[in-house]
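I have a new chain open and want notes on its rings, charges, helices and surface. These are my entries, in the order I looked things up.

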Amino acid sequence: MSANNIPITTANSFESSIGGYTIRGQAHSLSAWFVLALRLVIGFAFLYSGVEKVLGGFAAQGYLANVAATNGNPLAGMFLWMSQTPWFLNFVDVAVPWGEVAIGLGIMVGLLTRLAAFFGALMMLMFYFGNWDLAHGFINSDFMYMLVFLAVAAFGAGRILGLDALVERYEIDGVALLEKYPKLDYILG
């Protein structure tokens, strides 16, 4: 304990403060294996989905025009606009499959993990609204995938048997990359 009765953190401890509220936790020693498993599973799922789309051809127009218009989707108009805008469709038809491949690879090998997880979570947020269905409440599989991506980012999963651990220790003028450029912590880890 420290002087103000706040526990001193150890290797498996974590804490966060937001808006004046602080939470603390103690992870089990096996937690690293579960975080690694989350990273590998979500990375493989996205890589596989992206490769399927790249090899099998992908066209977003039907999805954008039809799926979002069901079940009272609050963004149905935006998805309809996306489906009727040629330059946007051209972008999505390339960005979705290749984005899934890049996100999946980055997550699986643990390189630029937080950046990849951010874009994975963003993509899942768009799928969440595209597949809008409140039949079982606000939580669906797209929402859960988004949370997995955010957990991978929050736990710095790329540091667990990932390339981010090597990149962060790379030295420039005798100083570790992450020490020299601390803002890289937002995309590595």
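**Entry 1: a patch on the surface**

I started with Phe118, which is partly exposed, with a relative accessible area of 49%. A reminder to myself: this is a predicted model. Phe118 lies in helix H5. Which residues make the nonpolar surface patch? I found Val109, Leu111, Leu112, Leu115, Phe118, Phe119, Leu122, Leu125, Leu163 and Leu166, and together they make a patch of about 790 Å². Two elements give two or more residues to the nonpolar patch, namely H5 and helix H7 (163–169). H5 has the largest share of the patch, with 5 residues.

**Entry 2: the chain as a whole**

I stepped back to get the outline. The chain has 8 helices and 4 strands. Read along the sequence, I get the pattern β-β-α-α-α-α-α-α-α-β-β-α. I also looked up the extent of the C-alpha trace, and it spans about 60 × 40 × 25 Å along its principal axes.

How much of the chain is buried? Of the 189 residues, 33% count as buried. The accessible surface comes to about 11,700 Å², and carbon and sulfur atoms account for 69% of that. For contacts, I took the ones between residues at least 6 apart in sequence: 63% of these join residues at least 24 apart.

**Entry 3: helix H1**

Next I checked the length of helix H1 (residues 31–56). With 26 residues at 1.5 Å a residue, H1 should span 38 Å, and its end C-alpha atoms are 37 Å apart, which agrees.

Which residues of H1 are buried? My list reads Val35, Leu36, Arg39, Ile42, Gly43, Phe46, Leu47, Ser49, Gly50 and Lys53. I noted that Arg39 and Lys53 are among the buried residues, along with nonpolar ones such as Leu36 and Ile42. Then I asked what covers the buried residues of H1. The cover includes helix H4 (86–109), H5 and helix H6 (141–154). Just past the helix, H1 is followed by Gly57, and the phi of Gly57 is positive, near 85 degrees.

**Entry 4: aromatic rings**

Rings came next. A pair of aromatic rings is described by the distance of the centres and the angle of the planes. How many aromatic pairs are there? The count comes to 12. I picked Tyr128 and Trp132: their ring centres are 5.8 Å apart and their planes stand at 75 degrees, so I logged the pair as edge-to-face. Phe129 and Trp132 make an aromatic pair that is stacked, at 5.6 Å centre to centre with 5 degrees between the planes.

Buried or exposed? I checked, and both Tyr128 and Trp132 are buried. For Trp132 the relative accessibility is 11%, under the 20% cut-off, so Trp132 counts as buried. Following the ring pairs further, I got a cluster that links Tyr128, Phe129, Trp132, Phe138 and Phe143.

**Entry 5: salt bridges**

A search of the whole structure gave me 6 salt bridges. Glu15 forms one with Arg24, with the closest N and O atoms 3.2 Å apart. I looked up the exposure of both partners: Glu15 is partly exposed at 42% relative accessible area, and Arg24 is also partly exposed, at 42%.

Arg114 forms a salt bridge with Asp185, and here the closest N and O atoms are 2.9 Å apart. What does this pair tie together? Arg114 lies in helix H5 (residues 113–130) and Asp185 in the segment after helix H8 (177–180), so the pair ties together parts that are 71 residues apart in sequence. Arg114 is buried, with a relative accessible area of 16%, whereas Asp185 is partly exposed at 29%.

I then looked at Lys180 and Asp173, whose side chains meet in a salt bridge at 3.7 Å, N to O. Lys180 is partly exposed, with 33% relative accessible area, and Asp173 counts as exposed at 71%. My last lookup was for bridges that share partners: these join Arg114, Arg159, Glu168 and Asp185 into one network.

**Entry 6: back to H5**

One element kept turning up in my notes. H5 holds Phe118, gives 5 residues to the nonpolar patch, is part of what covers the buried residues of H1, and carries Arg114 of the bridge to Asp185.

Definitions and conventions
Residues numbered from 1 in each chain as written. Predicted model: local features only at pLDDT ≥ 70, side-chain atom pairs only at ≥ 80, totals over all residues. Heavy atoms only, no water. Phe/Tyr/Trp six-rings, centres within 6.5 Å; stacked < 30°, edge-to-face > 60°. Buried < 20%, exposed > 50% of the residue type's maximum accessible area, 1.4 Å probe, protein only. Salt bridge = Lys/Arg side-chain N within 4 Å of Asp/Glu carboxyl O. Expected span 1.5 Å × (residues − 1). Contact = heavy atoms within 4.5 Å. Patch = residues over 30% accessible without salt bridge, like charges linked within 9 Å, V, L, I, M, F, W, Y side chains within 5 Å. Areas by Shrake-Rupley, 256 points an atom, 1.4 Å probe, with all protein chains shown as cover.
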